[in-house]
Amino acid sequence: MAISLAALLGVNSLNLSKAGLAETTWHQDINWVAVTELEDPQRFINGGELVLTTGLRLKSAPEQRRFVRQVQRAGAVGIGFGIGLSHDAVPPAMIAEANRWGLPMVEVPYETPFIAIGKLVADAQSADHYSKLERLIAGHQVLARALLTGGGLAELLKHLGGMLRTDIALTQFTAQLYSSSKDHPSADTWASYPIPTGRRDACTLWVRQPFEDSGIIGYAQNLISVELNNMVKQRQAQRALCGQVLEDVIHGALETSEAQRRLAGVGLNSTRKNVVLLAVSAAHHKALVSTSVPQPLENAVAAVVGKDLVVVINDDGGTAPALARKLSDHLAEAGIHATIGIGGAYTKPNGLRWSYFEARDAASHGLPVNEPERLSLTSLLLASEDVPLADMANESLNPLRAFDSAHGAELMTTLESYLGNNGSVAAVAEALTLHRNTVRYRLAQITELTGYDPSVTADRVQLWLALAVARLGGRQGR
């Protein structure tokens, strides 16, 4: 262990003796020994040293007092004065000044070489460093064992908190993955350490202050990073497996009993009410399907269906909107811009299927969180695998798309506005900043190109369904 001035005086072979009355740093560890004969050694002292001198250049009392002040200001723990060369005893002026500033002084006899004191301090420092290194290696082994024996992050962080003798927390965006305290970590009283993973689900390790870090935190950061990457791979595999089951249920490819059995195999009890939360992100779908979910959804079943993230919660519909908002906030914190659709609460595999289509229909509304409406005719038709609705929609709309592409006519935009405004030419003209005759001319072009007259109810339904399928059906085959 590191040695102090008090401990040095206890080493009989050095024959050191106390000079003066000051004991302010008497029991403070000595960082190093600095031997100097300079009149002003201040700029060569970093703090924590025992300064040894024979006072070769300190002839007068003012010089001696100035030397003491400079050493004290530099943060030294004390002065060891070697007698028998330039001075037969420690100068009284130095003792008086040292007492004044609370700086301990030690008399070093002629027979004791300065190098003996330096070697003793160096050996103590070396032993202290070796002891810390042993503890650090032992700590590494404990933390690594926590992961290798299946304890996971919770066990690793529990041991880390014990080593640092303080509270530990691990957060991931809005989610708190672990905490040994009921308090939410803050920058005021906790130290934060980033956990890089190379992915969007990077975490922050929080350590409540005060604590003493011997280097174990850096090693813990690396272990946590490795474990998080493993968790991402496990999450992807589990979601892919659940997605296969859900896709079969959504497509109606399974008998009820077989669907119930397979759903139970991935943790879904279809005899109870379940709600589907569907997260859609065209820009960030790769990150979306592998990212974490907020803590309230940790026990929910998550799956990848096409390019979308599906989270199934056991719920009667009452808490689904709040959970969907938590999911939306969590994804936003991760830099993932997603639209969340909420399905209805139903029992049985068919109920799960309807909830999915309701959620997909709701997500098409484009808000960050979209609550379910009554299941639309379009969604019901999309749920029927044997109805070639997408082909029918393309047959109706492709002539308009082609004409728009060739002439920049905006017939598709006009049709969408016309149907969205319940067939009001005036409302379309105002919305698109057009003359009413221009709107009527475009509607006539739509009739001529598609064979459907938007002013006729039956044709309007056909065109409305085609647009709805174009909007909703883009993800049907994924």
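Biologist: What covers the buried residues of H2?

Modeller: In this predicted model, the cover over the buried residues of H2 includes strand E3 (49-53), strand E4 (78-82) and helix H3 (92-101). Helix H2 itself spans residues 61-73, and its 13 residues reach 19 Å from the first C-alpha to the last, close to the 18 Å expected at 1.5 Å a residue.

Biologist: Which residues of H2 are buried, and why do they line one face of the helix?

Modeller: The general idea is that an α-helix has 3.6 residues a turn, so residues three or four places apart point the same way. In H2, the buried residues are Gln64, Phe67, Val68, Gln70 and Val71. Seen down the axis of H2, these buried residues fall within an arc of 165°, so they line one face of the helix. After H2 comes glycine 75, whose phi is positive, near 90°.

Biologist: How should I read a nonpolar core, and which elements supply the largest one?

Modeller: As a general tendency, nonpolar side chains in soluble globular proteins are buried together. Here the largest nonpolar core has 23 residues, and those with the most contacts inside it are Leu156, Leu157, Leu160, Ile168, Leu170, Leu205 and Ile224. At least two residues of this core come from each of helix H4 (114-148), helix H5 (152-164), strand E6 (168-172), strand E8 (190-195), strand E9 (203-208) and helix H6 (216-250), with H6 giving the largest share, six residues. Leucine 170 shows what such packing looks like at one position, since its contacts beyond four places in sequence include Leu153, Leu157, Ile195, Leu205 and Ile224.

Biologist: Is E9 enclosed or open, and how does E9 pair with E6 and E8?

Modeller: Strands of a sheet pair through backbone hydrogen bonds, either parallel or antiparallel. E9 pairs in the antiparallel sense with E6 over four bridges, and in the antiparallel sense with E8 over six bridges. Threonine 171 stands opposite threonine 204 in E9, while tyrosine 193 stands opposite leucine 205 in E9. Five of the six residues of E9 are buried, so this strand is largely enclosed by the rest of the structure.

Biologist: What is the order of strands in the open sheet of five, and which helix lies across E13?

Modeller: The order is E11-E12-E10-E13-E14, with mixed pairing, and the edge strands, each pairing on one side only, are E11 (301-305) and E14 (369-370). Strand E13 (residues 339-342) pairs with E14 in the parallel sense over two bridges. Helix H9 (residues 320-333) lies across E10, E12, E13 and E14, running at about 165° to E13.

Key
Residues are numbered from 1 along each chain as its sequence is written. This is a predicted model: local features need pLDDT of at least 70, side-chain atom pairs count only at pLDDT 80 or more; totals for chains, interfaces and linings use all residues. Side-chain values use heavy atoms; hydrogens and water are left out. A nonpolar core is a set of buried Ala, Val, Leu, Ile, Met, Phe, Trp, Tyr and Cys residues joined through side-chain atoms within 4.5 Å. Buried means under 20% relative accessible area, exposed over 50%, partly exposed in between (1.4 Å probe, protein chains only). Contact means heavy atoms within 4.5 Å. Two strands pair if DSSP finds at least two bridges between them. Axes are lines fitted to C-alpha atoms, for helices over the stretch in contact, and angles run from 0 to 180 degrees between N-to-C directions. The expected span of a helix is 1.5 Å times one less than its number of residues. The arc is that of the directions from the helix axis to the C-beta atoms.
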